[in-house]
Amino acid sequence: MSTSTSASTTQTAAPARSFLRWRIVDIVVASVIGVAAGLIFLAWNVGYLGPKALLEPLLPGIQGLLDGPWLFAGVLGGLIIRKAGAAIYVELLAAVVSALIGNQWGGFLTLEAGLVQGLGAELIFLLFFYRRWSLPVAILAGAGAALAGGINNLVLWYAGSGPAFTIIYLISTVISGAVIAGALSWVLARGIAATGALDRFGSGREARVRV
């Protein structure tokens, strides 16, 4: 009876710790997402300049609405891989790709930003013990990445900004993170899963069950 109880406990505990164990396929897919996201970052590094030039004169700080495309990698990686550290890994790898190919912010600061933004999303997934992957959680993760990244940007790039700019910028970037990095990443993850490409992941199996 004692042996049976011990075995049952072990079987129950194993799935609970599954989010800590990375498989080879997890690393490969997370890396593919990170590299692809890095290429999108590179395109947005240039693409955002036009909208930024239009928004900044209208209301200083509202350019935070343009931050979302730099924040989605960690959220998408977390939603698909569903492992501890996935959000940080994917966002940081995307930043590495952006830094290696070159951008206007410099290599070290790009990596630092990727780490901070990935950590912001990671903490939300951790808050739910890596067990909830719903739309509200994705939105919170996007907002978390945006808040962490926004504070980082205020310290590094907008030091000395007044209260009005700070508030407007933080609200704008959180909205962008919640919608673009959060909600759209959730929709994208579900769309990819529906194709069957993620059948070896929990996200893919859930999609099959819904179908």
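How many helices and how many strands does the secondary structure of the chain come to? The count is nine helices and zero strands. The model is a predicted one.

**Overall fold**

Read from the N terminus, the elements run α-α-α-α-α-α-α-α-α. The radius of gyration is 19 Å, close to the 17 Å that the globule rule gives for 211 residues, so the chain is as compact as a globular protein of that length. The C-alpha trace spans about 70 × 35 × 30 Å along its principal axes.

Of the 211 residues, 43% are buried. Contacts reach across the sequence: among those between residues at least 6 apart, 72% join residues at least 24 apart. The chain exposes about 10600 Å². Carbon and sulfur atoms supply 74% of that area.

**Two pockets**

The table sets out the largest pocket and the second largest pocket.

| Pocket | Volume | Lining | Nonpolar | Polar | Charged |
|---|---|---|---|---|---|
| Largest pocket | About 520 Å³ | 27 residues | twelve residues | twelve residues | three residues |
| Second largest pocket | About 250 Å³ | 14 residues | five residues | two residues | seven residues |

Take the largest pocket. Trp70, Trp105, Gln117, Asn153 and Trp157 are the lining residues that lie nearest its centre. Helix H2 (24–47), H5, H6, H7 and helix H8 (163–194) each give two or more residues to this lining. H6 gives the most, with five residues.

Now the second largest pocket. Nearest its centre lie Ser18, Arg82, Lys83, Gly202 and Arg205. Helix H9 (residues 202–210) gives the most to this lining, with three residues.

**Asn153 at the largest pocket**

Where does Asn153 sit, and is Asn153 buried or exposed? Asn153 is placed in helix H7. Its relative accessibility is 14%, so Asn153 counts as buried, the cut-off being under 20%. Beyond its neighbours within four places in sequence, Asn153 is in contact with Asp67, Tyr158 and Tyr169. Asn153 is also one of the residues nearest the centre of the largest pocket.

**Two loop residues with positive phi**

Most residues other than glycine have a negative phi. Arg82 has a positive phi, near 60°. Phe129 also has a positive phi, near 55°. Neither of the two is a glycine.

Which loops hold these residues? Arg82 falls in the loop between helix H4 (72–81) and helix H5 (86–101). Phe129 falls in the loop between helix H6 (107–127) and helix H7 (135–156).

Are they buried or exposed? Arg82 has 14% relative accessibility, so Arg82 counts as buried. Phe129 has a relative accessible area of 56%, so Phe129 is exposed, the cut-off being over 50%.

Arg82 links this topic back to the pockets. The residue is among those nearest the centre of the second largest pocket, in a lining with seven charged residues.

**In brief**

The predicted model has nine helices and zero strands. Its largest pocket holds about 520 Å³ of space, and Asn153 is one of the residues nearest the centre. The second largest pocket holds about 250 Å³, with Arg82 among the residues nearest its centre. Both Asn153 and Arg82 are buried, whereas Phe129 is exposed.

Key: Residues are numbered from 1 along each chain as its sequence is written. This is a predicted model: local features need pLDDT of at least 70, side-chain atom pairs count only at pLDDT 80 or more; totals for chains, interfaces and linings use all residues. Side-chain values use heavy atoms; hydrogens and water are left out. Helices (H or I, at least four residues) and strands (E, at least two) are DSSP runs, numbered from the N terminus. Buried means under 20% relative accessible area, exposed over 50%, partly exposed in between (1.4 Å probe, protein chains only). Contact means heavy atoms within 4.5 Å. On a 1 Å grid over the protein atoms alone, a cavity is a set of points where a 1.4 Å probe fits but cannot get out, and a pocket is an open set with protein on both sides within 12 Å along at least five of seven lines; lining residues have an atom within 4 Å of a point. Grid points are joined across faces, edges and corners, and a volume is the space filled by probe spheres set on the points. Ala, Val, Leu, Ile, Met, Phe, Trp, Tyr, Cys and Pro count as nonpolar, Asp, Glu, Lys and Arg as charged, and the others, Gly among them, as polar. The radius of gyration is taken over C-alpha atoms; the globule rule is 2.2 Å times the number of residues to the power 0.38. Accessible areas come from the Shrake-Rupley method with a 1.4 Å probe; for residues, only the protein chains shown count as cover.
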